[in-house]
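I opened my notebook to look up a few things in this structure. Here is what I wrote down as I went along.

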Amino acid sequence: MEKSLELRSLGNTVLKLSCVGFGASPLGSVFGPVSDEEAIATVREAFRLGINFFDTSPYYGGTLSEKVLGKALKAVGVPRNEYIVSTKCGRYKEGFDFSAQRVTKSINESLERLQMEYVDIFQCHDIEFGSLDLIVNETIPALQKLKEAGKIRFIGITGLPLGIFSYVLDRVPPGTVDVILSYCHYGINDTTLEDLLPYLKSKGVGVISASPLAMGLLTESGPPDWHPASPELKAACRTAAAFCKKKGKDISKLAMQYSLCNKDISTILVGMKSVEQVQVNVAAATELAKGDKDAQTLAEVEEILKPVKNQTWPSCIQQI
């Protein structure tokens, strides 16, 4: 089972991302401790199975995710031009700061932690917590200068409410923003990102969708206590997970496969911190590619979740 993942083009960029992306926030020990050895083994397995896209942020684990990912990539020793790294700016353990001065300083700090000379994608992190006009008028122009300086190749924006993307994209020159990262809006329980895809395509903007498991809702163990979903949504997801388990199926795998089916989304980003998690996520994609999809169970799960479909929640500060 080696290098079997489909590669998908990212908007108008030259990048081709593996359809399964490696979310590196868990390497910052945000979901329990991860040793350097484990991190290196996990990243090595990701490469072996064809994952070429790694996403982090200085916010994850208070800069630890970037440091550990940098160390792991270095240790594995794959040539730099063979993988794609995305990090972010504007959101830090100390709070939010999207000023030109801070984001310019931010890239230098991130490059040092990642032990790299450039990142492929540099994203404004959770822009709904800042002033969107500041993002348009100050942050993105500062990022364009970093692009000209060769420190970043492409510019992105991330956040939860879908309206933030069109607000910014309608106010910057075409081709300024290359990619958006949306999370929790393309999965079995919520497909609202779908409505935005034709618009994003018309703008030439690539799409990364994160958290196909809806931050733990679509897992057997369930979401963390702080999860901001409504009690009804949590209850419906619990019922769906129990239903799958009874049938000997894994709701997380179904959820991953559901998200992977839409080819207009370049990559499905999922957090990983173990060799086993990498294998499970890649297996979901390779089985799907072979036509191995459990359509019946999926239809039954969709039926269970129908009453709460597309029920979202407000952005919350304590996501990671």
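Before I start: helices and strands here are DSSP runs, numbered from the N terminus, with at least four residues for a helix and at least two for a strand. I also keep in mind that this is a predicted model.

**Entry: Asp-264**

With those labels I could place Asp-264, which sits in the loop between H8 and S12. Is Asp-264 buried, exposed or partly exposed? I looked up its relative accessibility, 40%, so Asp-264 counts as partly exposed. Setting aside neighbours within four places in sequence, I found Asp-264 in contact with Leu-197, Lys-201 and Val-207. I also checked Asp-264 against Ser-65: they are 199 residues apart in sequence, and their C-alpha atoms are 28 Å apart in space.

**Entry: the second largest pocket**

I looked at the pockets next, and the second largest has a volume of about 190 Å³. Its lining has 13 residues, and Asp-264 turns up again among the closest to the centre, along with Ser-9, Gly-11, Lys-201 and Val-205. Strand S1 (7-9), helix H6 (197-202) and strand S11 (206-210) each give two or more residues to this lining. H6 gives the most, with three residues. Sorted by class, the lining of the second largest pocket has four nonpolar, five polar and four charged residues.

**Entry: the largest pocket**

How much space lies in the largest pocket? I noted about 1,100 Å³. The largest pocket is lined by 40 residues, and nearest its centre are Phe-31, Ser-211, Leu-213, Val-270 and Gly-271. Strand S10 (179-183), strand S12 (267-271) and helix H9 (275-289) supply at least two lining residues each. H9 has the largest share, with four residues. By class, I wrote down 18 nonpolar, 14 polar and eight charged residues for the lining of the largest pocket.

**Entry: positive phi values**

Ser-211 made me check backbone angles. Most residues other than glycine have a negative phi. Ser-211, though, has a positive phi near 60 degrees, and its place is the loop between S11 and H7. Thr-63 also has a positive phi, near 80 degrees, and I found Thr-63 in the loop between strand S4 (53-55) and H2. I added Gln-115 to the list, since it comes just after H3 and takes a positive phi of about 60 degrees.

**Entry: helix H3**

Then I went back to H3 itself. Does its length come out as expected, and what is the span of its 15 residues? At 1.5 Å a residue, H3 (residues 100-114) should span 21 Å, and its end C-alpha atoms are 21 Å apart, so the two agree. I listed the buried residues of H3: Arg-102, Val-103, Ser-106, Ile-107, Ser-110, Leu-111, Arg-113 and Leu-114. Looking down the axis of H3, I saw that these fall within an arc of 165 degrees, so they line one face of the helix. The face turned away from the buried side carries the exposed residues Gln-101 and Glu-112. Among the elements covering the buried residues of H3 are helix H2 (64-76), strand S5 (84-89) and helix H4 (132-148).

**Entry: Thr-87**

S5 was on that list, so I picked Thr-87, which lies in strand S5. Its relative accessibility is 0%, so Thr-87 counts as buried. Not counting residues up to four places away in sequence, Thr-87 touches residues including Ser-110 and Leu-114, both of which I had already listed as buried residues of H3. Others touched by Thr-87 include Thr-56, Glu-66 and Ile-121.

**Entry: helix H10 and Phe-243**

Which residues of H10 (residues 295-305) are buried? I noted Thr-297, Leu-298, Val-301 and Leu-305. They cover an arc of only 100 degrees around the axis, which puts them on the same side of H10. I reminded myself that an α-helix has 3.6 residues a turn, so residues three or four places apart point the same way. The face of H10 turned away from the buried side carries the exposed Gln-296 and Glu-303. Helix H7 (231-246) and helix H8 (251-260) are among what covers the buried residues of H10.

My last lookup was Phe-243, found in helix H7. Phe-243 is partly exposed, with a relative accessible area of 26%. Leaving aside neighbours within four places in sequence, Phe-243 is in contact with Thr-297, Glu-300, Val-301 and Ile-304. Phe-243 and Ile-304 are 61 residues apart along the chain, and 9.2 Å separates their C-alpha atoms.

Technical notes: Residues are numbered from 1 along each chain as its sequence is written. This is a predicted model: local features need pLDDT of at least 70, side-chain atom pairs count only at pLDDT 80 or more; totals for chains, interfaces and linings use all residues. Side-chain values use heavy atoms; hydrogens and water are left out. The expected span of a helix is 1.5 Å times one less than its number of residues. Buried means under 20% relative accessible area, exposed over 50%, partly exposed in between (1.4 Å probe, protein chains only). The arc is that of the directions from the helix axis to the C-beta atoms. Contact means heavy atoms within 4.5 Å. On a 1 Å grid over the protein atoms alone, a cavity is a set of points where a 1.4 Å probe fits but cannot get out, and a pocket is an open set with protein on both sides within 12 Å along at least five of seven lines; lining residues have an atom within 4 Å of a point. Grid points are joined across faces, edges and corners, and a volume is the space filled by probe spheres set on the points. Ala, Val, Leu, Ile, Met, Phe, Trp, Tyr, Cys and Pro count as nonpolar, Asp, Glu, Lys and Arg as charged, and the others, Gly among them, as polar.
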